[in-house]
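Colleague: I would like a close look at one single part of this protein, followed by a careful account of how that part sits within the whole. Please take it slowly, as for someone in the first year of study.

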Amino acid sequence: MAATPAAGASPAPAAPKSPKSPKPPTSPRPRRSVTGTRRTVVVLFLLPALVLLGALVVYPIGYSLIRSFYDQSGDGFAGFDNYQALFTDDGIRTALKNNIIWVVFAPTVATALGLIFAVLTERVRWGTAFKLVVFMPMAISMLAAGIIFRLVYDQDPDKGVANAVWVGVHDTFAESSAFPKAHPGRESPLEPAGGGAFITKEPVTTSGTVVLPLVGVAPDMMPDGARKAVPAEPEDGKITGTTWQDFTRGKGVGKLNGVDAAELGYAGMRIEAVKDGKVVAETTAAGDGTFTLPAAADGAQLRLPADNFKEPYNGLNWLGPSLVTPAIIGSYVWMWAGFAMVLIAAGLAGVPRELLEAARVDGANEWQVLRRVTVPLLAPVLAVVAVTLMINVLKVFDLVFIIAPGSSQDDANVLALELYRKGFATDQPGIASAIAVFLLLLVIPVMWFNVRRLRREVRR
């Protein structure tokens, strides 16, 4: 066993440590310039984009700004004359007014429809398919959409879908006449009575027959119930007659003011007996054109009311001066409602369902849930969608240029279209440059607002 030191004895002193040899001084290593290298790489990567940005954006903006202060030839300094024309030229003022209408209504309607579609598609099983159908117009170019809606708004109901539907609804409640082109022929016993009606030249008497020949209706446009016309047989105490299409194909064929075998009766033609300005009797022609009036018509003149010859309803003039701008806005909404729906649906997916269920448990109906809960929660998304559409609307050109016909293009004019017309159609580049700068000034605040809101959302 090792011996332990006695109590109270002091421990043995420790052996002294050998001193360490000092390290030779080292010179500081040079630090590589990492920051400078990274800057060089960043500049090299951004250089192509910066060149394109400068050539396609910065240079045109600067040139347009400078050119807007020169006259149309580009040689003389015009000052603010071109900008003054923005508020004095009738075409530019109309374009500015229409742009205001576009900015107010197009983004509002498109955003509202997008919200409705996004909310409703969450409640149906085939919501994805519906979203695909609504979003599909976004895949169509403005040019193609303009051509489509130029046909949709065609005045002819046989070509234009809008008027086909409108005329169909109208004719359901107000049937048009079957004889819009009918009128008396040569040596006819009828004469104009004013307002589109026709009346016999002489009064009629009982126990006699009357002929009321007309022309002007194509054979293929006669009513389905029309049959071959027959001469009326006289009846005691009554007035009988025939009204028919007094026309037989072929030169010199048929007897004037006489019923021929190949001629058709005016089925459904209304006949009134007028005495001293009052209607004393009336009737309707049968399929073969024959009609009978009672003895009360004795001594009266027979009148064919204007309703028999009323022109068919051809619908609305969608591309006329009064409706052309709303019609084009409708085509824009058709294209961009899907864009609004997709963005709003993405925002709606992030809304906590607990809040919606809590509102329903508290007794709120679906309209109150939408108005008091869903819309406030979606306010940032709705603002982004609306502002994005505003920027897009301020630059609208294609739809107006293609859809509006030449006769009403002045009434549908917008700033982008007026810029094109001033710059290329009437050769006024100074005013066109002023319009371009004015459009830029209108777009910048809206873009700034949108960028600010997007940055705020990213910070959250």
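Is E272 buried or exposed, and what is its relative accessible area?

Modeller: Please keep in mind throughout that this is a predicted model. E272 has a relative accessible area of 9%, and because buried means under 20%, E272 counts as buried. The residue lies in strand β5, and its side chain makes a polar contact with the side chain of R270, at 2.9 Å. If we leave aside the neighbours within four places in sequence, E272 is in contact with V279, A281, E282, Q301, L302, R303 and P305.

Strand β5 covers residues 270-275, and the loop that lies between β4 (239-245) and β5 holds another glutamate, E263. E263 is also buried, with a relative accessible area of 2%. Its side chain makes a polar contact with the side chain of W244, at 2.8 Å, while a polar atom of the E263 side chain lies 3.1 Å from the backbone nitrogen of D260. Beyond the neighbours within four places in sequence, the contacts of E263 include R227, K228, A229, Q245, D246, F247, T248 and G258, together with W244. As for distance across the model, E263 and I435 are 172 residues apart in sequence, and their C-alpha atoms are 66 Å apart in space.

A residue in a helix can be set beside these two. R150 is found in helix α5, which runs over residues 142-152, and R150 is partly exposed, with a relative accessible area of 33%. Not counting residues up to four places away in sequence, R150 touches L319, I402, I403, A404 and P405. The C-alpha atoms of R150 and L47 are separated by 44 Å, and these residues are 103 positions apart along the chain.

Another helix, α3, lends itself to a small piece of reasoning. This helix has 32 residues, 90-121, and should span 46 Å at 1.5 Å a residue, which agrees with the 46 Å between its end C-alpha atoms. Helix α3 nevertheless bends by about 25° at W102. At the start of α3, a side-chain oxygen of D89 comes to within 2.9 Å of the backbone nitrogen of G91.

A database record can be laid over this picture. An unreviewed UniProt entry carries the annotation "transmembrane region" for several spans, among them residues 100-120, 132-153 and 373-394. In the model, residues 100-120 are 100% helix and 0% strand, with end C-alpha atoms 31 Å apart. Residues 373-394 are 95% helix and 0% strand, and the end C-alpha atoms of this span also lie 31 Å apart.

Finally, we can step back to the whole protein, whose secondary structure comes to 13 helices and 8 strands. The C-alpha trace spans about 170 × 80 × 40 Å along its principal axes. The radius of gyration is 42 Å, whereas a compact globule of 460 residues would have one near 23 Å. Of those 460 residues, 35% count as buried, and E272, with which we began, is buried too. Among contacts with a separation of 6 or more, 69% join residues that are 24 or more positions apart.

Notes: Residues numbered from 1 in each chain as written. Predicted model: local features only at pLDDT ≥ 70, side-chain atom pairs only at ≥ 80, totals over all residues. Heavy atoms only, no water. Helix = DSSP H or I, 4+ residues; strand = E, 2+ residues; numbered from the N terminus. Expected span 1.5 Å × (residues − 1). Bend = angle between axes of the 7 residues up to and from the residue. Polar contact = N/O pair within 3.5 Å; in protein donor to acceptor, adjacent residues only side chain to side chain. UniProt positions renumbered as here; feature names shortened; annotations may be inferred. Rg over C-alpha atoms; globule rule 2.2 N^0.38 Å. Buried < 20%, exposed > 50% of the residue type's maximum accessible area, 1.4 Å probe, protein only. Contact = heavy atoms within 4.5 Å.
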